[in-house]
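Please read the following points alongside the sequence and the structure. They are meant for a colleague who has not yet looked at this molecule.

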Amino acid sequence: RERPILPENTPQSWRSLIEKCWHQDPDHRPKFSGCKEQLQVMQEAHMNAPTEVEISNAPMGSIITIAFTGVENATLLWEDNPRVMQEALRLYNSVVRNLTQKYGGYEVKTEADAFMVAFSNAISAVEWAL
């Protein structure tokens, strides 16, 4: 059975969850509780998206540094223990956001467990990452 084609601009977190739910083998589909918890985290990330006022704080200039981060094997971790992963992701998001503020970064985009952060210089980005 063929599934509908997802639009190209579908966020990766949504695409990933949808594709897992569409898995051919029902035994490989996530449980409802795992889907619900992942949707709650996605909603929380959306609610924490930058506002227009925060956008004015983005680094400007001809040279900026972009850093990316994410949780390794997040999909497997969500499937193995969604409750623990939900709490771990809340803590992870808090740490990343606190460090972003501390080192003068700007949260460009957040999707599921992935952050894209811009800095006005490479040194700040490296300090943030360490």
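1. This is a predicted model, and the protein chain averages a pLDDT of 82, with 86% of the residues scoring at least 70. Confidence varies between the elements of the protein chain: helix α3 (residues 52-55) has the lowest mean pLDDT, 51, whereas the highest, 91, belongs to helix α6 (residues 122-129). A reader should therefore treat the placement of α3 with care, since pLDDT is the predictor's confidence in each residue.

2. Three strands form an open sheet in the order β1-β3-β2, and their pairing is antiparallel. Because β1 (65-69) and β2 (106-111) each have a single partner strand, they stand at the edges, and one side of each is left without a neighbour in the sheet. On average, and with direction ignored, neighbouring strands of this sheet are turned by 15 degrees against each other.

3. Which residues serve as bridge partners in β3 for Ala 67 and for Lys 109? The pairing of β1 with strand β3 (residues 114-119) is antiparallel and extends over five bridges, and within it Ala 67 has Val 117 of β3 as its bridge partner. On the other pairing, β2 and β3 also run antiparallel and are joined by five bridges, with Met 116 of β3 as the bridge partner of Lys 109.

4. The hairpin of β2 and β3 has two residues between the strands, and in this hairpin Ala 112 takes a positive phi near 55 degrees. A reader who inspects the backbone may wish to look at Ala 112 for that positive phi.

5. Is Phe 68 buried or exposed? Phe 68 is found in strand β1, and it counts as exposed because its relative accessibility is 60%, where the cut-off for that class is over 50%. Together with Ile 64, Ile 66 and Val 108, Phe 68 forms a nonpolar patch on the surface, and these residues have about 340 Å² of accessible area together. As a general point, the side chains of a regular strand alternate between the two faces of the sheet.

6. The loop between β1 and α4 (74-80) contains Glu 72, which has a relative accessibility of 67% and so counts as exposed. How far apart are Glu 72 and Asp 113 in sequence and in space? They are separated by 41 residues in sequence, while their C-alpha to C-alpha separation in space is 9.1 Å.

Conventions. Residues are numbered from 1 along each chain as its sequence is written. This is a predicted model: local features need pLDDT of at least 70, side-chain atom pairs count only at pLDDT 80 or more; totals for chains, interfaces and linings use all residues. Side-chain values use heavy atoms; hydrogens and water are left out. Two strands pair if DSSP finds at least two bridges between them. Helices (H or I, at least four residues) and strands (E, at least two) are DSSP runs, numbered from the N terminus. Axes are lines fitted to C-alpha atoms, for helices over the stretch in contact, and angles run from 0 to 180 degrees between N-to-C directions. Patches are made of residues with over 30% relative accessible area and no salt bridge: like charges are joined within 9 Å, nonpolar side chains (Val, Leu, Ile, Met, Phe, Trp, Tyr) within 5 Å. Accessible areas come from the Shrake-Rupley method with a 1.4 Å probe; for residues, only the protein chains shown count as cover. A salt bridge is a side-chain nitrogen of Lys or Arg within 4 Å of a carboxyl oxygen of Asp or Glu. Buried means under 20% relative accessible area, exposed over 50%, partly exposed in between (1.4 Å probe, protein chains only). pLDDT is the predictor's confidence in each residue, from 0 to 100.
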